[in-house]
Amino acid sequence: MQEQVAGPPAAKVNNEPEQSFDLTVNDQKHTVVGTFDTPLLYVLRGELQLYGPRFGCGLAQCGACTVYVDGKPIRSCRMSVGRTVGHRITTLEGLSATYHGAGSNESAALHPVQQAWIDEQVPQCGSCQNGWIMYSAHLLSTVKQPTENQIRAALTGLKCRCGSQVAILRAVRRAAKTMGEA
Ligand code: FES
Ligand code: FES
């Protein structure tokens, strides 16, 4: 079987003229260049060097490219950059600040979900993990002590070809406990 490519293809995807877009990413302003329909993932990785979101399928099917737009998880491989102007984009690199606060002394600390991932030694190849972490953190920001069914439902649609799902469930439970005790 052919190995999946590690990064997205070149940013220009059609013959529309390129233009500038002002984006807010992880609470910082950036200007990027592309066509309206250039996938957000391409500019995050290709122009802003934010490598947390990964290119997995490019078809909104695996979740590896997940970022938040206005606090909600979306698949950045299928989101036009032009549609994100005026919205708040958060990548894995900005996840910790959503929990500790950007101005907090703890802003350099990991999000409890990231720490739980380390404690449970979840990643294998690692290529899918961004999506699981982003969706898990979103779940725990809205449901403090989720049931097993709620965790599984929140993570439906994410793919891990290494089979780390059992460790992921352990990590989400651990993070929920940590956040409940904070
Ligand atoms: S790369 Fe976006 S969902 Fe797979
Ligand atoms: S850890 Fe390898 S695909 Fe999930």
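Biologist: Asp-70 is found in the loop between β3 and β4. What makes a stretch of chain count as a strand or a helix?

Modeller: Both are DSSP runs numbered from the N terminus, strands (E) having at least two residues and helices (H or I) at least four. This is a predicted model, in which local features need pLDDT of at least 70 and side-chain atom pairs count only at pLDDT 80 or more, while totals for chains, interfaces and linings use all residues. Residues are numbered from 1 along each chain as its sequence is written, chains are lettered from A and ligands numbered from 1 in the order in which they are written, and side-chain values use heavy atoms, with hydrogens and water left out.

Biologist: Is Asp-70 buried, exposed or partly exposed, and how do you know?

Modeller: Buried means under 20% relative accessible area and exposed over 50%, with partly exposed in between (1.4 Å probe, protein chains only). Asp-70 has a relative accessible area of 37%, so it is partly exposed. Its phi is near 50°, a positive value in a residue other than glycine.

Biologist: Why are β1 and β2 said to pair?

Modeller: Two strands pair if DSSP finds at least two bridges between them. Seven bridges join β1 (residues 19–25) to β2 (residues 28–34), so these antiparallel strands meet the requirement. Val-25 stands opposite Gln-28, and Asp-22 has Thr-31 as its bridge partner. The two strands form a hairpin with two residues between them, and Asn-26 in the turn has a positive phi of about 50° although it is not a glycine.

Biologist: What makes β2 and β4 edge strands of the sheet?

Modeller: The open sheet has five strands in the order β2-β1-β5-β3-β4, with mixed pairing. β2 and β4 (72–75) each have a single partner strand, so one side of each is left without a neighbour in the sheet.

Biologist: How are α4 and α6 placed against each other, and what is the hand of their crossing?

Modeller: Axes are lines fitted to C-alpha atoms, for helices over the stretch in contact, with angles from 0 to 180 degrees between N-to-C directions. The axes of α4 and α6 are 11 Å apart, and the helices pack at an angle of about 35°. A crossing is left-handed if the near helix is turned anticlockwise from the far one by less than a right angle, and right-handed if clockwise; α4 passes α6 in a right-handed crossing.

Biologist: Why is Ala-176 of α6 called buried, and which residues is it in contact with?

Modeller: Ala-176, in helix α6, has 5% relative accessibility and therefore counts as buried. Contact means heavy atoms within 4.5 Å, and leaving aside neighbours within four places in sequence, Ala-176 is in contact with Leu-140, Lys-144, Gln-145 and Pro-146. Leu-140 is 36 residues away along the chain, yet the C-alpha atoms of Ala-176 and Leu-140 are separated by 6.6 Å.

Biologist: What makes a group of residues a nonpolar core, and which elements give two or more residues to the largest one?

Modeller: A nonpolar core is a set of buried Ala, Val, Leu, Ile, Met, Phe, Trp, Tyr and Cys residues joined through side-chain atoms within 4.5 Å. The largest has 27 residues, and those with the most contacts inside it are Trp-117, Trp-132 and Leu-155. The elements giving two or more residues are α3 (112–119), α4 (129–142) and α6 (165–181), and α6 gives the most, with eight. A second, separate core of 15 residues includes Leu-23, Leu-44, Ile-74 and Val-81.
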